[in-house]
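Dear colleague,

I am handing over a structure that I would like you to look through at your own pace. Below it you will find what I found, with the terms explained as they come up.

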Amino acid sequence: MAAAAAAAWCEQAAETSGVPPGAVQLTDQAMNVLINDYCREAGVRNLKKQLEKIYRKVALKLFKDGS
């Protein structure tokens with residue numbers, strides 16, 4: 001998977017969920033686990049959904065913590 005595409009999807013997911021820039025850092029290892037263990041279908045649609053889910057959870061945690 002291209003790193004530029006992953007960065008763009010993360011940036012888009014962060015923007016739509018309201019997570020401030022730099023609040024989340026996904027490592028290459030984390031992306032590989034996400035792709036191999038959580039994305040059942042081939043293709044990028046499910047990966048985008050999983051990334052959006054992660055960023056929504058981060059946004060909720062940031063909101064609850066008052067950050």
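**What was found**

If neighbours within four places in sequence are left aside, Gln50 is in contact with Leu34, Tyr38 and Cys39, where contact means heavy atoms within 4.5 Å. Gln50 lies in helix H3, and helices here are DSSP runs of H or I with at least four residues, while strands are runs of E with at least two, numbered from the N terminus. Gln50 is buried, because its relative accessible area is 16%, and the cut-offs are under 20% for buried, over 50% for exposed and in between for partly exposed, with a 1.4 Å probe and protein chains only.

Before going on, please note that this is a predicted model, in which local features need pLDDT of at least 70 and side-chain atom pairs count only at pLDDT 80 or more, whereas totals for chains, interfaces and linings use all residues. Residues are numbered from 1 along each chain as its sequence is written, and side-chain values use heavy atoms, with hydrogens and water left out.

As for the chain, it has three helices and zero strands, and along the sequence it follows the pattern α-α-α. Buried residues make up 24% of the 67 residues in the chain. Among the contacts with a separation of 6 or more, 67% are accounted for by residues 24 or more positions apart.

Two other residues of helix H3 can be set beside Gln50, namely Leu51 and Ile54. Leu51 counts as buried, because its relative accessibility is 0%, and, residues up to four places away in sequence not being counted, Leu51 touches Trp9, Cys10, Ala13, Leu26, Met31 and Leu34. The C-alpha atoms of Leu51 and Gln12 are separated by 9.6 Å, although these residues are 39 residues apart along the chain. Ile54 is partly exposed, because its relative accessible area is 27%, and from C-alpha to C-alpha it is 9.6 Å from Cys10, with their positions 44 residues apart in sequence.

How do helices H2 and H3 pack? Helix H2 (residues 28-38) and helix H3 (residues 45-65) pack at an angle of about 120°, with axes 10 Å apart; axes are lines fitted to C-alpha atoms, for helices over the stretch in contact, and angles run from 0 to 180 degrees between N-to-C directions. That angle is why H2 is oblique to H3, since angles under 35 degrees count as roughly parallel, over 145 as roughly antiparallel, 65 to 115 as roughly perpendicular and the rest as oblique. On the H2 side Met31, Leu34, Ile35 and Tyr38 meet Asn46, Leu47, Gln50, Leu51 and Ile54 in H3. By class, this contact of H2 with H3 has seven nonpolar, two polar and no charged residues, where Ala, Val, Leu, Ile, Met, Phe, Trp, Tyr, Cys and Pro count as nonpolar, Asp, Glu, Lys and Arg as charged, and the others, Gly among them, as polar.

Finally, Ser17 lies in helix H1 (residues 3-17), and apart from neighbours within four places in sequence, Ser17 is in contact with Tyr55, Arg56 and Ala59.

With best wishes
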